[in-house]
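Student: I'd like to go through this one by asking how each label gets assigned. Can we start once it's on screen?

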Amino acid sequence: MNMEIGDIHIDVERKAIRHIYLSVHAPEGRVHVSAPIWMQQRDIETFVLRKQAWIERQRQKIMARPKPTEHHYISGESCYVFGQRLTLEVTATREERPSVCIADDKLFLTIRPETNETQRAALIHAYLRQQLGGYLAAAMAYWRRIMGEANVTWSIRKMRSEWGSCTPRKRKLLFNLELAHVPKGCIDYIVVHELSHLRVPNHSRLFYARVEEFMPDWRERRRELKGAMNAYRL
């Protein structure tokens, strides 16, 4: 279900929750409402209209942020992998197979001479997915054991705004491929955050109490995550 306020498009999602939640997401200022299944349409509209000034302020803040740097995957560009800033070095040759690797403070991309920008991006994204998948496998095994959560499946997906998501009924977690750019401690925070949603599907005090039980420094990690996000996107 969708709504419109002026020229602002609002996504409305109904869930088995007790309260209504409103959020504004970067980078395009997307507005999302999570509403209880039982709530009447007119009550949702009234809630959103009361929050119109807040929505406008949040969208203005987001739109005022510097735009992410466009990458063309050529030598000299910067790339962050697990919080480390690397300089991309591209080598075009027919003598070696296409590959991606890290050495010291450089990300080496070996390609065929005819490889275009889209193909270069695909090679690097595949490498990042592999690196992130390896770390997440270890982190999920550790935190599932610590938090007492069994029978949990997970996968990696390129997501527009969320760092992760949880479907408690299916006990399934999704992680954003962009996490490959941020420090590993921030990734652990997202893992604990999403695993906590298996028991508490909202962002209530009970939810954050569970996060803090297993990760007392989660606030510091969340601040570090925001800083890392701003760094690698510039």
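Student: Why does Glu178 count as buried or exposed, whichever it is?

Tutor: Glu178 counts as buried because its relative accessibility is 11%, and buried means under 20% relative accessible area, exposed over 50%, and partly exposed in between, with a 1.4 Å probe and protein chains only. Before we go on: this is a predicted model, where local features need pLDDT of at least 70, side-chain atom pairs count only at pLDDT 80 or more, and totals for chains, interfaces and linings use all residues. Residues are numbered from 1 along each chain as its sequence is written, and side-chain values use heavy atoms, with hydrogens and water left out.

Student: Where is Glu178, and which residues does it touch?

Tutor: Glu178 is in the loop between strand E11 (172–176) and helix H4 (184–196). Those labels are DSSP runs numbered from the N terminus: helices are H or I with at least four residues, strands are E with at least two. Leaving out residues up to four places away in sequence, Glu178 touches Lys158, Trp163 and Tyr232, where contact means heavy atoms within 4.5 Å.

Student: What makes Arg129 buried, partly exposed or exposed?

Tutor: Arg129 is at 36% relative accessibility, so it counts as partly exposed. Arg129 sits in helix H3 (residues 117–147). Not counting residues up to four places away in sequence, Arg129 touches Ile156, Arg157 and Leu177. Asn230 is 101 residues from Arg129 along the chain, and their C-alpha atoms are separated by 21 Å.

Student: And what class does Ala137 get?

Tutor: Ala137 is also in helix H3, and its 38% makes it partly exposed. Ser155 is 18 residues from Ala137 in sequence, with 9.8 Å between their C-alpha atoms.

Student: How do you know how many disulfides there are?

Tutor: A disulfide is a pair of cysteine sulfur atoms within 2.5 Å, and by that rule the count is 0. Take Cys101: the closest cysteine sulfur is in Cys79, 13 Å away, so that is too far for a bond. Likewise, the sulfur of Cys186 is 16 Å from its closest cysteine sulfur, again in Cys79, so no bond there either.

Student: Are Cys101 and Cys186 buried or exposed, or what else are they called?

Tutor: Cys186 has a relative accessible area of 0%, so it is buried. Cys101 comes out at 37%, so it is partly exposed.

Student: What makes E7 and E8 a pair?

Tutor: Two strands pair if DSSP finds at least two bridges between them. Strand E7 (residues 99–103) and strand E8 (residues 106–111) have 5 bridges, in the antiparallel sense. One of the matches is Cys101 with Phe108 in E8.

Student: What stands out about phi at Asp104?

Tutor: Phi of Asp104 is near 55°, a positive value in a residue that isn't glycine. Most residues other than glycine have a negative phi. Asp104 belongs to the E7 and E8 hairpin, which has 2 residues between the strands. At 72% relative accessibility, Asp104 is called exposed.

Student: What about phi at Arg171?

Tutor: Arg171 has a positive phi of about 50°, and it isn't a glycine either. Arg171 is in the loop between strand E10 (164–167) and E11. With a relative accessible area of 23%, Arg171 lands in the partly exposed class.

Student: Why is E4 called largely enclosed?

Tutor: In strand E4 (residues 30–36), 7 of the 7 residues are buried, so the rest of the structure largely encloses it. Arg30, His32, Ser34 and Pro36 point one way from E4, Val31, Val33 and Ala35 point the other way, and all are buried.

Student: Which strands pair with E4, and how do you know?

Tutor: Strand E2 (residues 8–15) runs parallel to E4 and is joined to it by 6 bridges, with Val12 partnered by Val33. Strand E3 (residues 21–25) pairs with E4 in the antiparallel sense over 5 bridges, and His25 stands opposite Arg30. Both counts satisfy the pairing rule of at least two bridges.

Student: How much of the whole protein is buried?

Tutor: Buried residues make up 42% of the 234 residues. The protein has 6 helices and 11 strands, and its C-alpha trace spans about 65 × 45 × 30 Å along the principal axes.
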